Amino acid sequence: MSQASVRAFAPGRVNLIGEHTDYNDGLCLPFAIERGVTVSAEPLPGGDQIEAHALDLSEHDSFPLAAGLRPPERARDGWRPFVRGAIAELRGAGVEPPPCRVEIEGDLPRGAGLASSAALSVALCMALCAVAGAETLERLALARLCSRIENDWSGRETGLLDQLASLYGQARRAVRIDMRGPELRPVELDLAGHVLVTLDSGASRSLAGSGYNERRRECRRAAAALGLDSLRDAPAEALVRLPEPLRRRVRHVLSENERVDAAVAALGRGDLAEVGRLLDASHRSLRDDYEVSVPEVERAVTACKAAGALGARILGGGFGGSVLAFFPPGAEPPPGSVVVEPALGARLLTI
Ligand code: GLA
């Protein structure tokens, strides 16, 4: 039976380290943050449509529920494909959202590398399951479903990192994700008075239009050239067999996987200076080997280092977006920096 009005919240994420490894079956270390997307859904008795409202943008969309929904032929920017994709993918999973009014709002900047699109799809699906009177899907299945919305309906060939981070967030902890499986393990984030901040570079990015999908293609080509299913298994000696730029791309993936476990170990022994060095090394690798940085991001990294950051690096998919920086106690991060801390994952809210 469908419900009265329901509300769901899904957070964005920060990835401490382990970038562009998720779609290579690799390792990452994200945490959910406080800011996110809230979706409310209210049945429209007697109606036959979904009426969706993106409140922050003052934009609307509506479509008949009876219509067979199909993914668009070409990648579409914006929030609308997510609503259609959520309805269609949930139906495929046996959940039948009723005609309803959906309202979307949030405090997560879009295009800033904080996983606003994953937060949107997770909050949408949770609210639509609830308004359908269905149990929310099991979290891993929901993460995969949300990733299909992003891949097939919005044209962004992203991995599972953002959805898992949004769904499995815990206070005071990051989560080490081994995408093979995937296997998730909480990691205490005891920063002893240090702070992590994000600083928006000002260069907004659209994943679909950016080089992100191209990097994915390069990884597939490199794996095929090495006769592997995934770059996770690439032996370091095999790099010499690859032409450039594939050699550099694989070198990033392999070294970044190592940095994730080095960061987990450094956190475990309270060696926060080493965490900073690893963030710097990750940035160099993302800039030089993976080539996902842009001048605005370099300026933001330089500003953070000049302000005394122990480490600073580009965050998320790259080609713009935010920088993540790690400051010791007493330092003054550059103006515009926002402190980020691990927070609870996606959930239904009481009205
Ligand atoms: C984006 C994608 C993720 C991941 C990161 C890079 O955030 O959505 O799947 O690939 O980029 O680590």
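**Close-up views of a predicted model**

**View 1. Strand 9 and strand 11 are joined in an antiparallel pair.** Six bridges link strand 9, which covers residues 195-200, to strand 11, which covers residues 322-327, and the two strands run antiparallel. The model shown here and in the views that follow is predicted. Within this pair, Val-197 lies opposite Ala-325 of strand 11, and Leu-199 of strand 9 has Val-323 of strand 11 standing opposite.

**View 2. Four strands make up an open antiparallel sheet.** The strands of this sheet follow the order 10-11-9-12, with antiparallel pairing. Its edges are strand 10 (311-314) and strand 12 (338-340), each of which pairs on one side only. Between neighbouring strands of the sheet the average turn is 30°, with direction ignored. Helix 7, residues 272-289, packs on the sheet and touches strand 10 and strand 11, while the direction of helix 7 makes about 30° with that of strand 10.

**View 3. The two edge strands of the four-stranded sheet each have a partner.** Strand 10 pairs with strand 11 in the antiparallel sense over four bridges, and in this pairing Ile-314 has Val-323 of strand 11 as its bridge partner. At the other edge, strand 12 pairs with strand 9, again in the antiparallel sense, over three bridges, and here Thr-198 is found opposite Val-338 of strand 12.

**View 4. Strand 11 is covered on both of its faces.** Six of the six residues of strand 11 are buried, and the strand is described as mostly covered. On one side lie Ser-322, Leu-324 and Phe-326, and on the other side lie Val-323, Ala-325 and Phe-327, all of them buried. Two of these residues also appear in the pairing with strand 9, where Ala-325 stands opposite Val-197 and Val-323 stands opposite Leu-199.

**View 5. Helix 2 and helix 3 cross at an oblique angle.** The axes of helix 2 (residues 116-131) and helix 3 (residues 139-154) come within 9 Å of each other and cross at roughly 120°. Because of this angle, helix 2 is oblique to helix 3, and the crossing by which helix 2 passes helix 3 is right-handed. Helix 2 contributes Ser-117, Ala-118, Ser-121, Val-122, Cys-125 and Met-126 to the contact, whereas helix 3 contributes Arg-139, Leu-142, Leu-145, Cys-146, Ile-149 and Glu-150. By class, the residues of this contact divide into eight nonpolar, two polar and two charged.

**View 6. Three strands form a second open sheet.** Here the order is 2-7-8, and the pairing is antiparallel. Strand 2 (27-28) and strand 8 are the edge strands, each pairing on one side only. Two bridges support the antiparallel pairing of strand 2 with strand 7, and Leu-27 stands opposite Asp-178 of strand 7.

**View 7. Met-179 is a buried residue in a loop.** Met-179 is placed in the loop between strand 7 (173-178) and strand 8 (183-188). Its relative accessible area is 8%, so Met-179 counts as buried, the cut-off for that term being under 20%. Leaving aside residues up to four places away in sequence, Met-179 touches Asp-22, Asp-25, Gly-26 and Cys-28, together with Leu-160, Leu-161 and Leu-164. Tyr-168 is 11 residues from Met-179 in sequence, and their C-alpha atoms are 14 Å apart in space.

Methods:
Residues numbered from 1 in each chain as written. Predicted model: local features only at pLDDT ≥ 70, side-chain atom pairs only at ≥ 80, totals over all residues. Heavy atoms only, no water. Pairing = 2+ DSSP bridges. Axes fitted to C-alpha atoms, helices over the stretch in contact; angles between N-to-C directions. Contact = heavy atoms within 4.5 Å. Parallel < 35°, antiparallel > 145°, perpendicular 65-115°, else oblique. Left-handed = near helix turned anticlockwise from the far one by under 90°. Nonpolar A, V, L, I, M, F, W, Y, C, P; charged D, E, K, R; others polar. Buried < 20%, exposed > 50% of the residue type's maximum accessible area, 1.4 Å probe, protein only.
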